[in-house]
Amino acid sequence: MKKYFYKLADHTVALAENGEFIYLNFSGEQSDFIRFNHAKIRQNGNVAQYYLSISLIHDQKQTSSYLTLTLNEEQDIKTIDETVKKLRDTIKEVDKDPYLLYSTNVESTETEEENHLPDTAEIVEDIMKEAGGNDLVGILSTGNIVSGFANSAGQKNWFEKPSFNFDWSIYHTTDKAVKAGYAGYYWNSDEFSKKMDKVKAELEIMKRDALTIKPGKYRVYLAPAALESFMSVLGWGGFGLKSQKTKNSALVKLVENEVKLHEGITILEHCKDGGSPNFSSKGFIKPHCTALIENGKHKGSLISPRSAKEYCVEQNGANSMESPEALEMCSGTIESSDILKELGTGIYLNHVHYLNYSERVSCRMTGMSRFAAFYVENGEIIAPINVMRFDESLFRMLGENFVGATVERERMMSTNTYGGRQTDTTLLPGIIVNDFSFTL
């Protein structure tokens, strides 16, 4: 596929006339999707799709078009020729863009990860075996994801990294379920078996009579998946330079040193270890790592080319939304085997959902407990709790009320497949916090 993209790229950039600059973005996948219900395969299929975005620039103006490729070279080249002509006609009607910035320094790269994944049938066999007679519901996606970039300056970039993502739940009855996920680049049957054993053990606890806790403040353990939900909301502009400059970021008080987090909090955008391309859609190479929060203090921002031009700073390969694509939080000192002991008496949250800001300026979020939330007493899980709403500030959670993070971290991949499998990843520990507010 790389050779095919390069061939199309060479043809396309050669169409540029005097004063014109062309750049292209290529994306695609060949993925298997398997849907399970009652631990049986209910739907399976294979998706092979490839797209090409062509951008034409002239006189500080830009216009773009998005094409679906047929992989028939003659047909695709004909479509490209027609598209470039239409772009040339359209750009005459476009206003100049004062913040247009794109790469003109040639930095070509190729990342081609070897496919270590077993056949999909082998993964399915593991899933069916471990599910046993339980009511398992979930979706497995696995296969190769590719991205490419090329421009008139002669730059070419390629990224190819096979991966899998299995998102599942096992139900006891009605809404009583335990949810889990397993994602990565190497399928390990033993590791998956351990995850399933944990789910089955928690499912047995879910069969106990549920407790209704009173509204109030509790010591809480947030598993990596629960913490990821908070980080996902925080990623809605929280780390972006544009939102920080316009005071729309939930982290403005941190950026302006009005608040600080616990010194044990360090958050990075670690592109080198993520699953996304190491180049941006404008052709800029992303740094291996960008520190966003370091030892509890604001350290850096995600800066897109537009923001860099507007605020006269260096860009760092961020996407147009300035949202993280490979977010990572550094680990702590709590061993996984000691989580319940360290928690003592409180609430164990495996997952949360329906999160949104309740007060953005205070970085306060509200949401609901979900999927295997437990009441813990003296280091022992007593019973599941009925659904509760919480309302809490990340400034408090990761600041004055932060107790510690686990040594072990979990890599999670986006389960979003709208238009194609997404490559965003997070690598997060679990954390224990004091005085976490449940409101009703």
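Is Trp 187 buried or exposed, and what is its relative accessible area? In this predicted model, local features need pLDDT of at least 70 and side-chain atom pairs count only at pLDDT 80 or more, while totals for chains, interfaces and linings use all residues. Residues are numbered from 1 along each chain as its sequence is written, and side-chain values use heavy atoms, without hydrogens and water.

**View 1. The surroundings of Trp 187.** Trp 187 is buried, with a relative accessible area of 11%, where buried means under 20%, exposed over 50% and partly exposed in between, for a 1.4 Å probe and protein chains only. Phe 164 and Trp 187 form an edge-to-face aromatic pair, 5.0 Å centre to centre with 70 degrees between the planes; rings of Phe, Tyr and Trp (its six-membered ring) pair if their centres lie within 6.5 Å, and planes under 30 degrees apart count as stacked, over 60 as edge-to-face and the rest as tilted. The rings of Tyr 182 and Trp 187, with centres 5.1 Å apart and planes at 55 degrees, make a tilted pair.

**View 2. Lysines over tyrosine rings.** The charged end of Lys 156 sits over the ring of Tyr 6, 5.6 Å from its centre, and Lys 161 lies over the face of Tyr 185, at 4.1 Å from the ring centre. For this, NZ of Lys or CZ of Arg must be within 6 Å of the ring centre and within 35 degrees of the ring normal.

**View 3. Cysteines without a disulfide.** The structure holds 0 disulfides, a disulfide being a pair of cysteine sulfur atoms within 2.5 Å. For Cys 271, the nearest cysteine sulfur, that of Cys 289, is 8.1 Å away.
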